[in-house]
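Work through the following exercises with the sequence and the model side by side. Each task is followed by a solution that goes step by step.

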Amino acid sequence: MQVKSGDTIQSIAQDHHMTAEELAKANNLNTNSSLTPNQNINIPDIPKTYVVKQGDTVSTIAKKYGLKTNDVLKLNHLNWHSTILIGQKLKLISTNSTSSVSKSTVHQGQNAVLGNTVSSRAVNLALQLTQENIPYVWGGNSTAGMDCSGMVDYVYAQLGIALPHNTIQLESCVNEKPVSQAQPGDLLFWGQPGHSYHVAIYIGGDKFVAAPDYGQNVSVGSISAFPPSFAGSLR
(Lines give C-alpha, C1' and ligand atoms only; values in the text may rest on other atoms or scores of the structure.)
Protein backbone atom coordinates (compact mmCIF):
# COMPACT_ATOMS: atom_id res chain seq x y z
CA MET A 1 0.00 0.00 0.00
CA GLN A 2 1.05 3.63 -0.45
CA VAL A 3 1.58 5.81 2.60
CA LYS A 4 -0.74 8.78 3.00
CA SER A 5 0.08 12.04 4.73
CA GLY A 6 -0.04 11.56 8.49
CA ASP A 7 0.42 7.77 8.37
CA THR A 8 2.77 6.16 10.88
CA ILE A 9 3.93 2.61 11.43
CA GLN A 10 1.64 2.50 14.46
CA SER A 11 -1.48 3.82 12.67
CA ILE A 12 -1.07 1.52 9.67
CA ALA A 13 -0.47 -1.48 11.94
CA GLN A 14 -3.60 -0.66 13.94
CA ASP A 15 -5.70 -0.38 10.77
CA HIS A 16 -4.58 -3.86 9.73
CA HIS A 17 -4.96 -5.49 13.17
CA MET A 18 -1.28 -6.25 13.64
CA THR A 19 1.48 -5.00 15.90
CA ALA A 20 3.80 -2.16 14.93
CA GLU A 21 6.69 -4.58 15.40
CA GLU A 22 5.24 -7.04 12.84
CA LEU A 23 4.73 -4.29 10.26
CA ALA A 24 8.16 -2.75 10.85
CA LYS A 25 9.89 -6.12 10.54
CA ALA A 26 8.12 -6.85 7.24
CA ASN A 27 9.53 -3.62 5.81
CA ASN A 28 13.03 -3.65 7.35
CA LEU A 29 12.10 -0.65 9.48
CA ASN A 30 11.82 0.01 13.19
CA THR A 31 8.69 1.15 14.98
CA ASN A 32 9.97 4.74 15.18
CA SER A 33 10.84 5.04 11.48
CA SER A 34 9.37 8.08 9.72
CA LEU A 35 7.20 7.49 6.66
CA THR A 36 6.80 9.78 3.66
CA PRO A 37 3.68 10.23 1.49
CA ASN A 38 3.50 7.77 -1.46
CA GLN A 39 6.11 5.51 0.15
CA ASN A 40 5.30 1.85 -0.50
CA ILE A 41 4.66 -0.29 2.58
CA ASN A 42 4.29 -4.06 2.41
CA ILE A 43 1.43 -5.47 4.44
CA PRO A 44 2.39 -8.95 5.71
CA ASP A 45 0.52 -11.98 4.43
CA ILE A 46 -2.56 -13.19 6.25
CA PRO A 47 -1.46 -14.83 9.51
CA LYS A 48 -2.41 -18.45 10.13
CA THR A 49 -4.12 -17.54 13.39
CA TYR A 50 -5.56 -14.41 14.99
CA VAL A 51 -5.98 -13.67 18.71
CA VAL A 52 -9.37 -12.09 19.43
CA LYS A 53 -9.25 -8.59 20.93
CA GLN A 54 -11.93 -6.53 22.65
CA GLY A 55 -14.62 -5.39 20.22
CA ASP A 56 -13.75 -8.01 17.58
CA THR A 57 -16.35 -10.01 15.69
CA VAL A 58 -15.67 -12.76 13.19
CA SER A 59 -16.95 -10.43 10.47
CA THR A 60 -14.62 -7.54 11.33
CA ILE A 61 -11.67 -9.91 11.59
CA ALA A 62 -12.51 -11.46 8.21
CA LYS A 63 -12.94 -8.02 6.63
CA LYS A 64 -9.51 -6.85 7.81
CA TYR A 65 -7.87 -9.70 5.92
CA GLY A 66 -10.20 -9.75 2.89
CA LEU A 67 -11.73 -13.08 3.87
CA LYS A 68 -15.24 -14.47 3.74
CA THR A 69 -16.91 -14.53 7.14
CA ASN A 70 -18.49 -17.90 6.39
CA ASP A 71 -15.08 -19.37 5.56
CA VAL A 72 -13.60 -18.21 8.86
CA LEU A 73 -16.63 -19.52 10.74
CA LYS A 74 -16.40 -22.90 9.04
CA LEU A 75 -12.64 -23.12 9.56
CA ASN A 76 -13.14 -22.64 13.30
CA HIS A 77 -16.25 -24.83 13.61
CA LEU A 78 -18.39 -21.83 14.50
CA ASN A 79 -21.75 -20.53 13.29
CA TRP A 80 -23.43 -17.13 13.16
CA HIS A 81 -24.74 -17.58 16.72
CA SER A 82 -21.40 -18.57 18.26
CA THR A 83 -19.70 -16.30 20.79
CA ILE A 84 -16.00 -15.53 20.52
CA LEU A 85 -13.93 -14.58 23.56
CA ILE A 86 -11.07 -12.14 24.09
CA GLY A 87 -7.82 -14.10 23.82
CA GLN A 88 -9.38 -16.87 21.75
CA LYS A 89 -7.30 -18.02 18.76
CA LEU A 90 -9.06 -18.18 15.41
CA LYS A 91 -7.66 -19.94 12.37
CA LEU A 92 -7.53 -17.75 9.27
CA ILE A 93 -5.74 -20.20 6.98
CA SER A 94 -6.37 -23.92 6.73
CA THR A 95 -3.47 -25.98 8.03
CA ASN A 96 -4.38 -28.63 5.47
CA SER A 97 -3.60 -26.38 2.54
CA THR A 98 -0.97 -23.86 1.57
CA SER A 99 -3.60 -21.60 0.07
CA SER A 100 -5.40 -19.04 2.15
CA VAL A 101 -9.13 -18.91 2.72
CA SER A 102 -10.75 -17.55 -0.43
CA LYS A 103 -10.94 -13.78 -0.70
CA SER A 104 -14.01 -11.87 -1.74
CA THR A 105 -15.69 -8.51 -1.62
CA VAL A 106 -17.29 -7.96 1.76
CA HIS A 107 -21.07 -7.82 1.56
CA GLN A 108 -23.35 -6.05 3.98
CA GLY A 109 -24.51 -9.30 5.57
CA GLN A 110 -20.95 -10.11 6.58
CA ASN A 111 -20.99 -7.39 9.24
CA ALA A 112 -23.19 -9.61 11.43
CA VAL A 113 -22.25 -9.71 15.11
CA LEU A 114 -22.00 -13.05 16.89
CA GLY A 115 -23.68 -13.70 20.22
CA ASN A 116 -27.15 -13.64 21.71
CA THR A 117 -27.13 -10.29 23.53
CA VAL A 118 -29.78 -7.67 22.83
CA SER A 119 -27.17 -5.53 21.06
CA SER A 120 -25.92 -8.30 18.78
CA ARG A 121 -29.46 -9.37 17.94
CA ALA A 122 -30.37 -5.76 17.14
CA VAL A 123 -27.41 -5.46 14.76
CA ASN A 124 -28.31 -8.68 12.97
CA LEU A 125 -31.98 -7.72 12.69
CA ALA A 126 -31.02 -4.32 11.31
CA LEU A 127 -28.72 -5.94 8.76
CA GLN A 128 -31.52 -8.29 7.75
CA LEU A 129 -33.71 -5.26 6.94
CA THR A 130 -31.07 -4.03 4.47
CA GLN A 131 -31.72 -7.15 2.39
CA GLU A 132 -35.49 -6.63 2.15
CA ASN A 133 -35.72 -3.54 -0.11
CA ILE A 134 -37.67 -1.55 2.49
CA PRO A 135 -38.35 1.99 1.23
CA TYR A 136 -38.14 5.17 3.26
CA VAL A 137 -41.66 6.22 4.28
CA TRP A 138 -42.19 9.20 6.56
CA GLY A 139 -43.80 7.98 9.79
CA GLY A 140 -43.48 4.32 8.79
CA ASN A 141 -42.29 1.63 11.18
CA SER A 142 -42.97 -1.62 9.32
CA THR A 143 -41.38 -3.61 6.52
CA ALA A 144 -43.78 -1.90 4.12
CA GLY A 145 -41.83 1.30 4.73
CA MET A 146 -40.10 3.13 7.56
CA ASP A 147 -38.34 6.36 8.45
CA CYS A 148 -35.14 6.60 10.53
CA SER A 149 -36.69 6.45 14.00
CA GLY A 150 -39.28 3.97 12.74
CA MET A 151 -36.48 1.61 11.74
CA VAL A 152 -34.92 1.83 15.23
CA ASP A 153 -38.37 1.42 16.80
CA TYR A 154 -39.11 -1.64 14.64
CA VAL A 155 -35.81 -3.42 15.33
CA TYR A 156 -35.98 -3.08 19.09
CA ALA A 157 -39.71 -3.89 19.16
CA GLN A 158 -38.78 -7.32 17.77
CA LEU A 159 -36.62 -7.74 20.89
CA GLY A 160 -39.39 -6.73 23.27
CA ILE A 161 -38.12 -3.19 23.82
CA ALA A 162 -40.61 -0.37 23.21
CA LEU A 163 -39.02 2.86 22.02
CA PRO A 164 -40.57 6.18 20.97
CA HIS A 165 -40.94 6.88 17.26
CA ASN A 166 -39.12 10.22 17.39
CA THR A 167 -35.41 11.06 17.28
CA ILE A 168 -35.49 13.64 20.07
CA GLN A 169 -37.53 11.37 22.34
CA LEU A 170 -35.08 8.53 21.59
CA GLU A 171 -32.32 10.68 23.09
CA SER A 172 -33.98 10.28 26.51
CA CYS A 173 -33.67 6.48 26.19
CA VAL A 174 -29.86 6.40 25.92
CA ASN A 175 -26.75 7.26 27.85
CA GLU A 176 -24.98 9.73 25.60
CA LYS A 177 -21.39 9.07 24.54
CA PRO A 178 -18.95 10.21 21.83
CA VAL A 179 -19.26 8.49 18.47
CA SER A 180 -15.73 7.16 18.92
CA GLN A 181 -16.99 5.10 21.88
CA ALA A 182 -20.01 3.61 20.10
CA GLN A 183 -20.51 -0.14 20.34
CA PRO A 184 -22.58 -2.36 18.02
CA GLY A 185 -26.25 -1.92 18.86
CA ASP A 186 -25.83 1.67 20.07
CA LEU A 187 -27.81 4.48 18.47
CA LEU A 188 -26.16 7.21 16.42
CA PHE A 189 -27.68 10.69 16.25
CA TRP A 190 -27.24 13.58 13.84
CA GLY A 191 -27.81 17.11 15.14
CA GLN A 192 -27.24 18.69 18.53
CA PRO A 193 -28.65 17.01 21.67
CA GLY A 194 -32.26 18.06 22.07
CA HIS A 195 -32.46 18.91 18.36
CA SER A 196 -31.46 15.67 16.62
CA TYR A 197 -32.97 15.08 13.21
CA HIS A 198 -31.69 11.62 12.20
CA VAL A 199 -30.92 8.35 13.97
CA ALA A 200 -29.37 5.00 13.04
CA ILE A 201 -28.14 1.74 14.60
CA TYR A 202 -24.37 1.34 14.80
CA ILE A 203 -23.21 -2.10 13.62
CA GLY A 204 -19.45 -1.75 14.17
CA GLY A 205 -16.56 -1.24 11.77
CA ASP A 206 -17.46 2.41 11.04
CA LYS A 207 -20.86 1.28 9.67
CA PHE A 208 -24.48 1.83 10.60
CA VAL A 209 -27.93 0.81 9.36
CA ALA A 210 -30.43 3.56 8.64
CA ALA A 211 -33.52 4.49 6.69
CA PRO A 212 -31.78 7.34 4.83
CA ASP A 213 -34.28 9.50 2.93
CA TYR A 214 -37.01 9.59 0.33
CA GLY A 215 -36.25 7.40 -2.68
CA GLN A 216 -33.82 5.22 -0.72
CA ASN A 217 -34.17 1.86 1.00
CA VAL A 218 -32.98 0.85 4.47
CA SER A 219 -29.26 0.33 3.96
CA VAL A 220 -25.77 0.33 5.44
CA GLY A 221 -23.99 3.68 5.68
CA SER A 222 -20.50 4.80 6.66
CA ILE A 223 -19.63 7.08 9.57
CA SER A 224 -16.71 8.52 7.61
CA ALA A 225 -19.01 9.45 4.73
CA PHE A 226 -21.84 10.81 6.92
CA PRO A 227 -20.46 11.59 10.41
CA PRO A 228 -23.03 11.49 13.25
CA SER A 229 -22.97 14.07 16.03
CA PHE A 230 -23.14 11.76 19.04
CA ALA A 231 -24.00 8.22 20.10
CA GLY A 232 -25.89 6.59 22.94
CA SER A 233 -26.34 3.16 24.50
CA LEU A 234 -29.84 2.13 25.52
CA ARG A 235 -30.51 2.40 29.24
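**Exercise 1. State what share of the residues in the protein is buried, and describe the overall make-up of the model.**

Solution. In this predicted model, buried residues make up 43% of the 235 residues in the protein. The next step is to turn to the surface, where the accessible area comes to about 12400 Å², with 48% of that area belonging to carbon and sulfur atoms. For secondary structure, the count is seven helices and ten strands. Finally, among contacts with a separation of 6 or more, 53% are between residues 24 or more positions apart.

**Exercise 2. Find the residues that touch the most other members of the largest nonpolar core, and identify elements that supply this core.**

Solution. The largest nonpolar core has 26 residues, and those touching the most other members are M151, V152, V155, Y156, L187, I201 and V218. At least two residues of this core come from each of α5 (118–129), α6 (148–157), β6 (187–190) and β7 (198–204). Another core, of twelve residues, lies apart from it and includes V52, V58, I61 and L78.

Now take α6 by itself: eight of its ten residues are buried, so that the helix is mostly covered. The buried residues of α6 are C148, S149, G150, M151, V152, D153, V155 and Y156. To finish, follow Y156 outwards: leaving aside residues up to four places away in sequence, Y156 touches V118, A122, I161, L163, G185, L187, I201 and L234.

**Exercise 3. Decide whether N76 is buried or exposed, and locate its partners.**

Solution. Begin with position, since N76 is found in the loop between α4 (69–75) and β2 (89–91). The relative accessibility of N76 is 15%, and N76 therefore counts as buried, the cut-off being under 20%. Its side chain reaches the backbone oxygen of V72 at 2.8 Å. Not counting residues up to four places away in sequence, N76 touches K89, L90 and K91.

**Exercise 4. Take L90, one of the residues that N76 touches, and describe its surroundings.**

Solution. L90 is found in strand β2, and because its relative accessibility is 0%, L90 counts as buried. With residues up to four places away in sequence again left out, L90 touches K48, T49, Y50, V52, V58, I61, N76, L78 and I84. Among these partners of L90 are V52, V58, I61 and L78, which are also among the members of the twelve-residue core. As a last step, compare sequence with space for L90 and L73: these residues are 17 residues apart in sequence and 9.0 Å apart in space, C-alpha to C-alpha.

How values were computed. Residues are numbered from 1 along each chain as its sequence is written. This is a predicted model: local features need pLDDT of at least 70, side-chain atom pairs count only at pLDDT 80 or more; totals for chains, interfaces and linings use all residues. Side-chain values use heavy atoms; hydrogens and water are left out. A nonpolar core is a set of buried Ala, Val, Leu, Ile, Met, Phe, Trp, Tyr and Cys residues joined through side-chain atoms within 4.5 Å. Buried means under 20% relative accessible area, exposed over 50%, partly exposed in between (1.4 Å probe, protein chains only). Helices (H or I, at least four residues) and strands (E, at least two) are DSSP runs, numbered from the N terminus. Contact means heavy atoms within 4.5 Å. Accessible areas come from the Shrake-Rupley method with a 1.4 Å probe; for residues, only the protein chains shown count as cover. A polar contact is a pair of N or O atoms within 3.5 Å; within protein, one must be able to donate a hydrogen and the other to accept it, and residues adjacent in sequence count only if both atoms are side-chain atoms.
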